[in-house]
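Hi,

Here is the structure I said I'd pass on. Have a look at it first, and my notes on what turned up are underneath.

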Amino acid sequence: MASVVVVEDDHQIRDLVVRALAGSGHVVWSEATGMAGLQSVIGNAPDVVVLDLGLPDVDGGDVLRMIRGVSQVPVIIATARDDDDEIVRLLDAGADEYVVKPYSGAELEARVRALLRRAAATGPSNRLTVGPMIVDLRSRSVTVDGAPIDLNRKEFDLLAYLATRSGEVVSRQELYAEVWRQPYGGADKTIDVHLSWLRRKLGETAAAPRFLHTIRGVGIKLVSPA
Ligand code: CA
């Protein structure tokens, strides 16, 4: 259970989001404007913020910057466009996650859970350490033995998710739900393709793994190299 501030001016979306989060046992405060949302974040000190970008009084990106001026609370941006540049800009400006409209209550709830798990795993620094690998969730950067690894967005999301669960086997179904946000079809090679790109960038192969271990029929495990 977490406490969540929802900032959304569309009352239908707001009601849906509040119902979904409250129905999952979260404490929810909701506001229809950016300034009221900022006040609620300051006053209620929630665990997570869900922030719409198109607000009537202040642009959501500016609300994000104002929140970042006073708090490191995890923020999920709700955007109407699946626009890579826009999303990267907002992640750089301090957003932790995003959902693309229209999104379901279940999808948002999954994002909230992922953020809480991440916050519990990282503490305030937002860094995950797996042996010689450091995954910085705030700057979305990865280093191994101090050397930067250049990853695209989905490669980073996949590696970061596995890093929050390092040492555990994570199923393909879970990776689809949490990283790709889709149900797993079974025959789909998306995860295998991204894993092979990640392995190449990490300088390893499926036959001679260091960090990324495939457990046949079960899933994927990220571990510190022996
Ligand atoms: Ca709006």
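**What covers helix H2**

The buried residues of H2 are covered by, among others, strand S1 (3–7), strand S2 (27–31), strand S3 (48–52) and helix H3 (60–70). Bear in mind that this is a predicted model. The residues in question are Gly-34, Gly-37, Leu-38, Ser-40 and Val-41, in a helix that runs over residues 34–44. They sit on the same side of H2, because the arc they cover around the axis is only 160 degrees. That fits the usual helix geometry: with 3.6 residues a turn, residues three or four places apart in an α-helix point the same way. Gln-39 and Gly-43, on the other side of H2, are exposed.

Just after H2 comes Ala-45, with a positive phi of about 45 degrees. This residue is in the loop between H2 and S3. Its relative accessibility is 56%, so Ala-45 counts as exposed.

**The cores**

The largest nonpolar core has 29 residues, and the members that touch the most others are Met-133, Val-135, Leu-175 and Leu-212. Two or more residues each come from strands S6 (127–130), S7 (133–136), S8 (141–144) and S12 (219–222), and from helices H6 (153–164), H7 (172–180) and H8 (190–202). H6 contributes the most, at seven residues. Apart from this core lies another one of 20 residues, including Val-7, Leu-53, Ile-77 and Ala-95.

If you want one residue to click on, try Val-135. Beyond its neighbours within four places in sequence, Val-135 is in contact with Asn-126, Arg-127, Leu-128, Ser-141, Val-142, Phe-156, Ala-160 and Ala-163.

**Cavities and the largest pocket**

There are two cavities of 30 Å³ or more, and the largest has a volume of about 280 Å³. Its lining is made up of 22 residues, with Asp-96, Glu-97, Arg-118, Arg-140 and Asp-157 closest to the centre. Strand S5 (97–100), helix H5 (105–122), H6 and H7 each give two or more residues to that lining. The largest share is from H6, with six residues. What is the lining like by class? For the largest cavity, the split is 11 charged, nine nonpolar and two polar residues.

The largest pocket comes in at about 180 Å³. Of the 13 residues lining this pocket, Ser-139, Arg-140, Leu-151, Arg-153 and Phe-156 lie nearest its centre. Helix H4 (84–92), S8 and H6 each supply two or more of the lining residues, and H4 gives the most, with three. By class, the pocket lining has six nonpolar, four charged and three polar residues.

**Backbone oddities to check**

Arg-140, listed above for the cavity and for the pocket, has a positive phi of about 50 degrees although it is not a glycine. You'll find Arg-140 in the loop between S7 and S8. It counts as partly exposed, because its relative accessibility is 26%.

Finally, there is a cis peptide bond between Lys-101 and Pro-102, with omega at about -5 degrees. Pro-102 is in the loop between S5 and H5.

Cheers

Note on methods
Residues numbered from 1 in each chain as written. Predicted model: local features only at pLDDT ≥ 70, side-chain atom pairs only at ≥ 80, totals over all residues. Heavy atoms only, no water. Core = buried A, V, L, I, M, F, W, Y, C linked by side-chain atoms within 4.5 Å. Buried < 20%, exposed > 50% of the residue type's maximum accessible area, 1.4 Å probe, protein only. Helix = DSSP H or I, 4+ residues; strand = E, 2+ residues; numbered from the N terminus. Contact = heavy atoms within 4.5 Å. Arc of directions from axis to C-beta. 1 Å grid on protein atoms, 1.4 Å probe; cavity = no way out; pocket = protein on both sides within 12 Å on 5 of 7 lines; lining within 4 Å. Points joined across faces, edges and corners; volume = space filled by probe spheres on them. Nonpolar A, V, L, I, M, F, W, Y, C, P; charged D, E, K, R; others polar.
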